[in-house]
Structure formats: C-alpha cells, structure tokens
Amino acid sequence: MWFFDIALYINQPPRSELFNEIKFIFMSFKNVENKVNVTSEIGTLRRLLIHSPDSGLGKVVPSKAQDWLFEDIVHLDTIRRKEYDFYVKILLYFLDPEKIKGKLAEIDAEASRRAFYKPDNPNFHNSDKVIEIQVLLSDILKDKETKLQLVASVCSLENCTYELQAELMALPEIKLAKVLISGSIDDERMIFPPIPNFIFTRDIGITINNHILMNKAAKQARTRESVLTKYIFFNHPIFADYKKNIIEISDNAHHFLLPYNEIENQKVTLEGGDVMVVSEDHLVIGCSERTSLFACNQVIKTLFKKKVVKKVTVVKIPKKRDYMHLDTVVTQVKRNMWIMLGSLGRMAETNKIPVADVIVELQNIKEEEKTKIIQFKIENPQQPVYFEYLEDLLEDISKNDLGCTEEVKFIYSGNNKFPYDTREQWTDSCNLVCIKEGVVLGYDRNEKTLEVLKENGFSAIEAHELVAKMESGEIDPEKLSNTVVLMPSAELSRARGGFHCMSMPILRDNLTPALS
Ligand SMILES: NC(=O)NCCC[C@H](N)C(=O)O
C-alpha cells in the first residue's frame, strides 16, 4: 500500500496554477428513515444530534472556566429558557413540526415547567429528528453489559473509587445518563467535573456520507464526551446498520515509547469542528489548535483506503484559542456563498495595522500564522495541489464540486474592518449552520457581519418572531429562503461556539443539481 505523509507537503510554497477537475453533482433527493447520510454542509437538514444545556453548565466556577473551555460562567436558566430553547423550537418546526406546531402555548406555559425541553422528563419532546444525545445515552444504558462497561470506563477516566462505581451502577438509566453528563448526583453532589462543552455536538463526531468519523478530543475537558459518544455510536440502534462505517483514529504506533516531552508534539487529536463534508467526494479538514497534522494524515489515509471520499483538503490555520476549529473561521451559507474571517484569506493585507520595523523573527512568526492549503486526491496523493488563499479553495468547491455557475461570494466577518472583524469572529459570526440552503442560524450580536449578509440579499428575523410566525402559520418553514435567523446569544456566546458547533447533522438531503 502507498504511504505518504502530509507533513512533507504542508510546508511547501503554494503553486500558482491550480488543477481543477470539473465535476457536477447529480444526486437524488431521496430520504430513507433512520438513515445516516451527509454529503454537504448545506443540503436540507433532516436529522441531527444536539445536547441542551445540562445542569453541569451551571456548575462552572470562575477558577475552572478557562480549563473547562468556557470564557466565563453562564446563567443556566437564561441560557436555557431565553436562548437554547429557541434553537430547539426552530429545529422542531423545520425538522419535526408535529411535535410542536399548534402546541406552543401549552409547551411554554409556566405550569409546564419546561418539561418539553428536559430529556429526563416524561413530557420531553423526544424527537427522532432533533435527537437529544442524553436520550441516546439513557437508551444504551438499559443494556446491563453496556452499562457495566461505560460506568467502568468513565470511573477509570475520572479516577472514581470502587464504591462510587458501585453507586453509579445502581442508578436507573435515565438518572445515570444525567449524572454521567452533568457530573453531579441529584444536582447537589459533584462527583466529577461537568462536561459543559457537550452542547457543541459538532465536535464529537462527523458524518461523512454514510460513515461516522469519531473525534479524539484534544482537550482533557472534553475527553469524557468522547467516551460517552463512542459507546453511543457503537451501541445505539439508530447506528446499528452503520457499525462497520464508524471510523476511529488511534495514537501513532508505539507512541508510548516516546519520551514525555516528545509525546506532546506527536499527538493524534481531532475534533469535529475541523471537519467539513463540502461535497459527496470532498472533505475539508482544519489543522488547528485541536486537530493535529498526525490526525489529518491518518484521516486521509483511512478515508482513501475505505473509498469514503475522493479528495481531502487540509487547511492549516494558526493554532490559537480564537480560532480553535476551522468552523470558527469559515462556514458555508449557500452553494455560492461563504462566511469567513478575512484575515485568514485574501483580505489579510487590507486591514493590517502598519508596523514600522518588523524584526526578522517576527516575520517568521507571521509566516507561521499564514493559512496553508493543500489538497490530496485519491488517485494520486503524492501529487497534492496547493491553494494560495482560502477564497481560492472555496471558489473551487462552489464551482467545481457543487456546479455553481453564478459568482461566488464571500461574506467577511465584521465587513473585514478592524476591530469588528475579530470581535465578531470571537462571538461566532463565521459559525452559522444551514437548516437548508440559504436559511441559517447565527447569533444576533454580530451586527456588522449581518449588514453584509443583508447587502447580499439576506433578510434577518429574530428567533422569537420566527417562532411566533411559524406557530401562527404566517411563515411556512418550507418556503423560507435567504434568511438569517438571529438567535439570542448573551449567555451562549460565553461558551465560545455558535450553531454550527451546536449541531451534529446525521442526515441531510443530497443537493439537487445547480440550476444554470
Ligand atoms: N466547533 C466548534 O468550534 N466548537 C466550539 C467549541 C467551544 C468549546 N468551548 C471548546 O473550546 O471546545
């Protein structure tokens, strides 16, 4: 079998002439229930995994907020009632309207005490389209063997005593699922840390066509999420037909023989926010703070060997907290429209603050911060193609993978004007999720970016207004187009992720051919 190492290529200068293989996508618009299939970032969303803020978010203390990857402590009731619940409502109107349409007044009545939104409550919506991961966890815990294995794994990870392990084993599954996620028993007793980032389900795994690539968390604060999801993917009936299609990546062979100080540099880590299925044949991976070059290398080899995709592009972005995953700097809005941070693309030069004398070392650091883009093809991985700018890659995807004939447009965070570009990227201006092509959810606070979206033909509607109008019938979700839904964000944005991060699509419609 051929062997190649992307590290050999990533540091080479980009070639100017790009080789574009023209290929249009003609795919069916057929959906089958309980199917796992995602072939784009923008096809109509049919099923996804989400996780509503659990009580663990309300246990983040200031001294641990940064370690647990939150920028601040959040107010639990506000984040649920005034923010995340709107996300659930909107997803249900689009994906599973029977659950909500005509019932909103009762669902949101004070007397209902949010039962519809609580996964451990008998009146929980329990949608099989908008799938709450805590429900999947409690489902698999009904099996004694799985329960035994999972409790042992978590207890080993969290260094629990044998006595605590026995106590957890004795809990009924619905309660146990809650404890394994929140880290607390009866909401009172903290037994291990919360996993507040579990709301960012994008990062736990990625559906690539009919395969699922599992993550390998880079941060200790997210390792329990990986353990829980591994058991879910391998044991829950909704993934039963796809067991052979679950892809795990592993540490490099004999990594344990390396001295500790070298292990750090050779880590294999991958988080879903770095992985985008942009077409049936093409996967884009960010090599970032969270996803290592070694992981990219392994993913490419595995996907090519299994023939899951034909093309993988690695986008190396600066390893910075600000841009922890690729989807914090770029997401797709329509087949010919992308939203991105200008400083990582062609616009990098335009809003730089002038520096009089830049010393050579600093220049080198700047060089390291440049985005590098390299594309591997299954038929000849040893001859990769380089793209100079992110826009070049995105334009190539729109035109050559998705068959776009119109002009490809780039919406820049904060209109690419300092300081709004960086401020708004920090609060996820570039992290939008498509419910269907051209209908996206994003935070309400990124005003400058929104202005540019509006200039490019988008209307904006506040989440509460959209919900009211879908309930009254004034707006038909099927007919909505070119719209950005402005989601309340005061608390959620402190967790440093947007709606792209808060969604793990498992089924999207395939894109229909582009109209020419
Ligand atoms: N895909 C994403 O960008 N996810 C956001 C993750 C935010 C979370 N606080 C983290 O730092 O991991």
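The ligand is surrounded by 16 residues, where a residue counts if one of its heavy atoms lies within 4 Å. Leu69, Asn197, Asp203, His325 and Cys501 are the closest. This is a predicted model: local features need pLDDT of at least 70, side-chain atom pairs count only at pLDDT 80 or more, and totals for chains, interfaces and linings use all residues. Residues are numbered from 1 along each chain as its sequence is written, and side-chain values use heavy atoms, with hydrogens and water left out.

**Ligand site**

- The shell splits into 5 nonpolar, 5 polar and 6 charged residues. Here Ala, Val, Leu, Ile, Met, Phe, Trp, Tyr, Cys and Pro count as nonpolar, Asp, Glu, Lys and Arg as charged, and the others, Gly among them, as polar.
- The side chain of Asn197 places an N or O atom 2.7 Å from a nitrogen atom of the ligand.
- Arg290 has a polar side-chain atom 2.9 Å from an oxygen atom of the ligand.
- Ala495 takes part through its backbone: a polar atom there is 2.8 Å from a nitrogen atom of the ligand.
- Taken alone, the ligand exposes 340 Å², and the protein buries 100% of that (Shrake-Rupley method, 1.4 Å probe).

**Lys311**

- Lys311 sits in strand E10, residues 311-316. Strands (E) are DSSP runs of at least two residues, numbered from the N terminus.
- Lys311 counts as buried because its relative accessibility is 9%. Buried means under 20% relative accessible area (1.4 Å probe, protein chains only).
- The side chains of Lys311 and Asp401 form a polar contact of 2.8 Å. Such a contact is a pair of N or O atoms within 3.5 Å; within protein, one must be able to donate a hydrogen and the other to accept it, and residues adjacent in sequence count only if both atoms are side-chain atoms.
- Leaving out residues up to four places away in sequence, Lys311 is in contact (heavy atoms within 4.5 Å) with Asp281, His282, Leu283, Phe304, Gln375, Phe376, Lys377 and Asp401.

**Strand E6 and its partners**

- In E6 (residues 211-214), His211 and Leu213 point one way and Ile212 and Met214 the other way. All four are buried. In a regular strand the side chains alternate between the two faces of the sheet.
- E6 runs antiparallel to E5 (residues 205-208), with 4 bridges joining them. Strands pair if DSSP finds at least two bridges between them.
- Gly205 has Met214 as its bridge partner in E6.
- The hairpin of E5 and E6 has 2 residues between the strands, and Asn209 takes a positive phi near 55 degrees.
- E6 runs parallel to E7 (residues 246-247), joined by 2 bridges. The bridge partner of Ile212 in E7 is Ile246.

Note on methods:
Buried means under 20% relative accessible area, exposed over 50%, partly exposed in between (1.4 Å probe, protein chains only).
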